[in-house]
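Biologist: Hi, have you got a minute to go through this one with me? I'd like to start with how the helices pack.
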Amino acid sequence: MKKFISVHDVTDINALAAKALAYKTNPLMDKQLGENKRIGLLFLNPSLRTRLSTQIAAKNLGMEAIVFNVDKEGWMLEFEEGAIMSGNTVEHIKDAAPILGQYFDILCIRTFPSLKNREDDYSEMYINQFIKYAGVPVVSLESATLHPLQSLTDIVTIKESMQNSPLGLPAEKEGAGGKPKVVLTWAPHIKPLPQCVANSFAQWINAWGEADFVITHPQDYELSEEFTKGATITHDQDAALKDADFVYVKNWSTFNDYGKVYENDPEWMLTEEKLKATNNAKVMHCLPVRRNVELSDEVLDSDHSLVTRQAGNRVWAAQAVLSEILKQHPPTP
Ligand code: CP
């Protein structure tokens, strides 16, 4: 693996998920793989899980990890080619990235979308400029449109949950190859959020191909077809939830009329009552979550909730990805 930006960088999702679960059983089995290697974690936006889980994963592989909060501690970067830098930006990515490439063996970047200009956000200029100029493998810690480490974790968590407790799939699902029904449902939120987690979850579940995948959201909240193609899409949340085995809850802002909040109907919040229509579904969320806005306390604090296990699995997913990259760059003798 030379970079990790989307599902397209992965040749075998199941093998990568199995690797993650193997690390969960034996975290230090490859503790020499990253010896004498250094990883840089650059944050242009806040994070709790991604920052800490990736640091722990790197440490488990014997790497030194350095975190740099570019948004607070660094010079303001310019990403536009040919920019006349007479405004607020101080340093061009063309100058900064090659230096970072000398300091680090792997460079990890978190950057959010502006939610103002769809074309700019969906061009993924920030992370692509790092890839272009750093000269070392780049890992996305969430970009303008995708969150691949989260999505790999989500598949790891679904697979683990299916292994640990057979889902008792109804007979009609046996005919469909025993695939679990996985539902991605929009949830209310008080402010416009990126589409990254939803885009990425859709992209990975579609590529994985081992789920009966349904997306439900209010009208006007369509995601880009680039990611959702292959899923069943409905505006009827109750119908979507029927017989679901996994329910992934997430808010996102509008894609077509970009970055808006059209709808904040509390009826879309996932509650214990709504879960009655499911196949005793497990509930997932990437976190952070707005309690009693996106998801009720009763669901989050119940046995339905996988969110803590899911967040814990971020370590193993990150470790699997970093180990794949390190294998291309073995330790210096
Ligand atoms: N899910 C997730 O990416 O969490 P953080 O924003 O805290 O890293």
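Biologist: Which crossing does H7 make as it passes H15, left-handed or right-handed?

Modeller: Happy to help. This is a predicted model, so everything here is computed from it. H7 makes a right-handed crossing with H15.

Biologist: At what angle do H7 and H15 pack, and how far apart are their axes?

Modeller: H7 covers residues 148-164 and H15 covers residues 314-328. They pack at about 115°, and the axes are 9 Å apart. The two helices are therefore roughly perpendicular to each other.

Biologist: Which residues meet there?

Modeller: From H7 you have Leu 149, Gln 150, Leu 152 and Thr 153. Facing them in H15 are Arg 314, Ala 317, Ala 318 and Val 321. By class, the contact of H7 with H15 holds five nonpolar residues, two polar and one charged.

Biologist: Let's stay with H7. How do its axis and that of H9 cross?

Modeller: H9 is the helix at residues 196-208, and its axis comes within 9 Å of the H7 axis, crossing at roughly 50°. That makes H7 oblique to H9. The crossing of H7 and H9 is right-handed.

Biologist: What does H7 use to meet H9?

Modeller: On the H7 side, Pro 148, Ser 151, Leu 152, Asp 154, Ile 155, Ile 158 and Lys 159. H9 brings Ser 200, Phe 201, Trp 204, Ile 205 and Trp 208. The contact of H7 with H9 has eight nonpolar, two polar and two charged residues. Leu 152 is worth a look on your screen, since H7 uses this residue to meet H15 and also to meet H9.

Biologist: And H1, how does that helix cross H15?

Modeller: H1 runs over residues 13-25, and its axis and the H15 axis come within 8 Å, crossing at roughly 110°. That makes H1 roughly perpendicular to H15. H1 passes H15 in a right-handed crossing. H1 contributes Leu 16, Lys 19, Ala 20, Tyr 23 and Lys 24 to the contact, while the H15 residues include Trp 316, Ala 317, Val 321, Glu 324 and Lys 327. Sorted by class, the contact of H1 with H15 has seven nonpolar, two polar and four charged residues.

Biologist: New topic: rings. How many aromatic pairs are there?

Modeller: The count comes to 10 aromatic pairs. Ring pairs also join Phe 79, Tyr 126 and Phe 130 into a cluster.

Biologist: Nice. Which rings have the charged end of an arginine sitting over them?

Modeller: Phe 43 is one of them, with the charged end of Arg 51 over its ring, 4.4 Å from the centre. Phe 255 has the charged end of Arg 118 over its ring, 4.2 Å from the centre.

Biologist: What about the backbone? Which peptide bond is cis?

Modeller: The bond from Leu 287 to Pro 288 is cis, with omega near 0°. Pro 288 lies in the loop between strand E11 (282-284) and helix H13 (297-300).

Biologist: And what is the phi of Glu 124?

Modeller: Glu 124 has phi near 50°, a positive value in a residue other than glycine. You'll find Glu 124 in the loop between helix H5 (118-122) and helix H6 (125-134).

Biologist: Why point those two out?

Modeller: Because most residues other than glycine have a negative phi, and most peptide bonds are trans.

Definitions and conventions
Residues are numbered from 1 along each chain as its sequence is written. This is a predicted model: local features need pLDDT of at least 70, side-chain atom pairs count only at pLDDT 80 or more; totals for chains, interfaces and linings use all residues. Side-chain values use heavy atoms; hydrogens and water are left out. Axes are lines fitted to C-alpha atoms, for helices over the stretch in contact, and angles run from 0 to 180 degrees between N-to-C directions. Helices (H or I, at least four residues) and strands (E, at least two) are DSSP runs, numbered from the N terminus. Angles under 35 degrees count as roughly parallel, over 145 as roughly antiparallel, 65 to 115 as roughly perpendicular and the rest as oblique. A crossing is left-handed if the near helix is turned anticlockwise from the far one by less than a right angle, and right-handed if clockwise. Contact means heavy atoms within 4.5 Å. Ala, Val, Leu, Ile, Met, Phe, Trp, Tyr, Cys and Pro count as nonpolar, Asp, Glu, Lys and Arg as charged, and the others, Gly among them, as polar. Rings of Phe, Tyr and Trp (its six-membered ring) pair if their centres lie within 6.5 Å; planes under 30 degrees apart count as stacked, over 60 as edge-to-face and the rest as tilted. A charge sits over a ring if NZ of Lys or CZ of Arg is within 6 Å of the ring centre and within 35 degrees of the ring normal.
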